[in-house]
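Hi,

Here is the structure I promised to pass on. Have a look at it first, and my notes on what turned up follow underneath.

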Amino acid sequence: MDLFDYMRANTMEKESPLASRLRPTTLEEVVGQQHIIGKDKLLYRAIKADKLGSVIFYGPPGTGKTTLARVIANTTSANFRQINATAAGKKDMEEIVKEAKDALGMYGKKTILFVDEIHRFNKGQQDYLLPFVEDGTLILIGATTENPYFEVNGALISRSRVFELKSLENDDIKELIRRAVYDREKGMGSYDAVIEEDALEFLADVSNGDARAALNAIELGVMTTERNAEDGKIHIDMEVAQECIQKRAVRYDKNGDNHYDTISAFIKSMRGSDPDAAVYYLARMLYAGEDLTFIARRIMICASEDVGNADPQALVVAVSAAQAAERIGLPEAQIILSQAVTYVASAPKSNAACVAIFEALQAVKDHKTMPVPVHLQDSHYKGAAKLGHGQGYLYAHDYPNNYVKQQYLPDGMAETEFYRPTENGYEKKIKDHLSFLKK
């Protein structure tokens, strides 16, 4: 490092955002994630012993993935290199690999490569790293907000241990906020600021487990709030806190885990007849900007799959809501979707029709296709009548109750039952009607 590099590093350290300056340098300073860095946990022991293998840190933003990488950098005897997948190219990786080979060959020193946002690497870039990870030239640390089992090369996954980081608890966020306000060395203690308890609680809650969001809000508050005339201190009260973080940061990536987890909870809440939970997950999706068509499609599917004939009107409501929401758009569409969601969630449930089609499909798949019974075959096309097609067919409307018993399924399947109506809602009437006909 020359003089200019040294000056640049010092300047960046002083001028970097609070969230960066406050990053821990040791494991003991790390807040949260005790499920992976508790003193009895594998990752803690591996870092302390400087025996870390390739790992991938996976979790929401602001949970400490980069922080853990920096802690490793401060504790390891290996060379540590860091790149961001959004900006790094193959040339950058080639240089790192060359340095790693030289360090290993000449000094027996390992190289740890930290790739932030590793899911941004395309398949070719990930494939390039694979042989060097495999032969030990590089120890890889990848950080990603996306499910690595979807976004990272399977071969890299198989050679790495995946650690999932969780959203920080409110108490963890509060501890970090207190450090930010009162720590004179890394935080903003020299500004002589104080934070009120209700503002602390508020910021910890609305940051939604994202430490970076909370720290950015504190930094903004301290830097922009005038000193109190009486005591000369900067007071971070509820009003200041609300101004600095005006909207709860909802974690909802349309292509990631949060998307699938939320829609799963949404569907299961409707299926489980909990309209309160269902409308809550609807609100989360709407708040995060989910596509209205996608939401409406899931409501229609649930109305048929899970409500079915227990309330046939549910599908009518769902389809009408989908059409109305598309034509009207937001913000009014949220009311229409809420009506459909609460109706479907509150309706009696039956998946008998759903089960029927899947059992019928399985029967078609597993058994030889039997011919349609002769009396059901079409007798209108040329030559059909001469072949006897349609002979013996009984026209249902010619009989009492518009019903006459005759065989409709192919031979060998006459007694097969696919649709078994339940006792729920309107389907009980269907069941009773079918029982009456079969007497």
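One bit of vocabulary before the notes: I call two residues in contact when they have heavy atoms within 4.5 Å of each other. Please also keep in mind that this is a predicted model.

With that in hand, let's start at helix 11, which covers residues 197-206. Which of its residues are buried? They are Ala199, Leu200, Leu203, Ala204 and Val206. Some of that spacing will look familiar, because an α-helix has 3.6 residues a turn, so residues three or four places apart point the same way. And what covers the buried residues of helix 11? The cover includes two strands, strand 6 and strand 7 (234-236). It also includes helix 10, helix 12 (211-224) and helix 13 (238-244). Following helix 11 you will find Asn208, which has a positive phi near 60°.

That brings me to the backbone oddities. As a reminder, most residues other than glycine have a negative phi, and most peptide bonds are trans. Two aspartates go against the phi part of that:

- Asp50 is not a glycine, yet has a positive phi of about 55°. Look for Asp50 in the loop that runs between helix 4 (42-48) and strand 1. Asp50 is partly exposed, because its relative accessibility of 29% falls between the 20% limit for buried and the 50% limit for exposed.
- Asp192 is not a glycine either, and its phi is positive at about 60°. Its loop connects helix 10 (170-182) with strand 6 (193-195). Asp192 also counts as partly exposed, with a relative accessible area of 29%.

As for the peptide bonds, the one from Leu330 to Pro331 is cis, with omega near 10°. Pro331 belongs to the loop between helix 17 (313-328) and helix 18 (333-346).

Next, the aromatic rings. How many aromatic pairs does a search of the whole structure find? Three. One of them is Phe57 with Phe163, a tilted pair with 6.3 Å from centre to centre and 50° between the planes. This pair ties together distant parts of the chain, since Phe57 is in strand 1 (residues 55-58) and Phe163 is in strand 5 (residues 161-164), 106 residues apart. Both Phe57 and Phe163 are buried. Tyr280 and Tyr281 make another pair: their ring centres are 5.1 Å apart and their planes are at 65°, so this one is edge-to-face. Tyr280 is partly exposed, with a relative accessible area of 45%.

Finally, the protein as a whole. There are 20 helices and seven strands. The radius of gyration is 32 Å, well over the 22 Å that the globule rule gives for 439 residues, so the protein is more spread out than a compact globule. Along the principal axes, the C-alpha atoms fill a box of roughly 100 × 65 × 40 Å. Of the 439 residues, 41% count as buried. Among contacts between residues at least 6 apart in sequence, 71% join residues at least 24 apart. The protein exposes about 24,800 Å², with carbon and sulfur atoms supplying 52% of that. On the charge side, there are 53 positive and 63 negative charges, and their mean positions are 6 Å apart.

Cheers

Methods
Residues are numbered from 1 along each chain as its sequence is written. This is a predicted model: local features need pLDDT of at least 70, side-chain atom pairs count only at pLDDT 80 or more; totals for chains, interfaces and linings use all residues. Side-chain values use heavy atoms; hydrogens and water are left out. Rings of Phe, Tyr and Trp (its six-membered ring) pair if their centres lie within 6.5 Å; planes under 30 degrees apart count as stacked, over 60 as edge-to-face and the rest as tilted. Helices (H or I, at least four residues) and strands (E, at least two) are DSSP runs, numbered from the N terminus. Buried means under 20% relative accessible area, exposed over 50%, partly exposed in between (1.4 Å probe, protein chains only). The radius of gyration is taken over C-alpha atoms; the globule rule is 2.2 Å times the number of residues to the power 0.38. Accessible areas come from the Shrake-Rupley method with a 1.4 Å probe; for residues, only the protein chains shown count as cover. Lys and Arg count as positive and Asp and Glu as negative; His and the chain ends are not counted. The place of a charge is taken as NZ of Lys, CZ of Arg, CG of Asp or CD of Glu.
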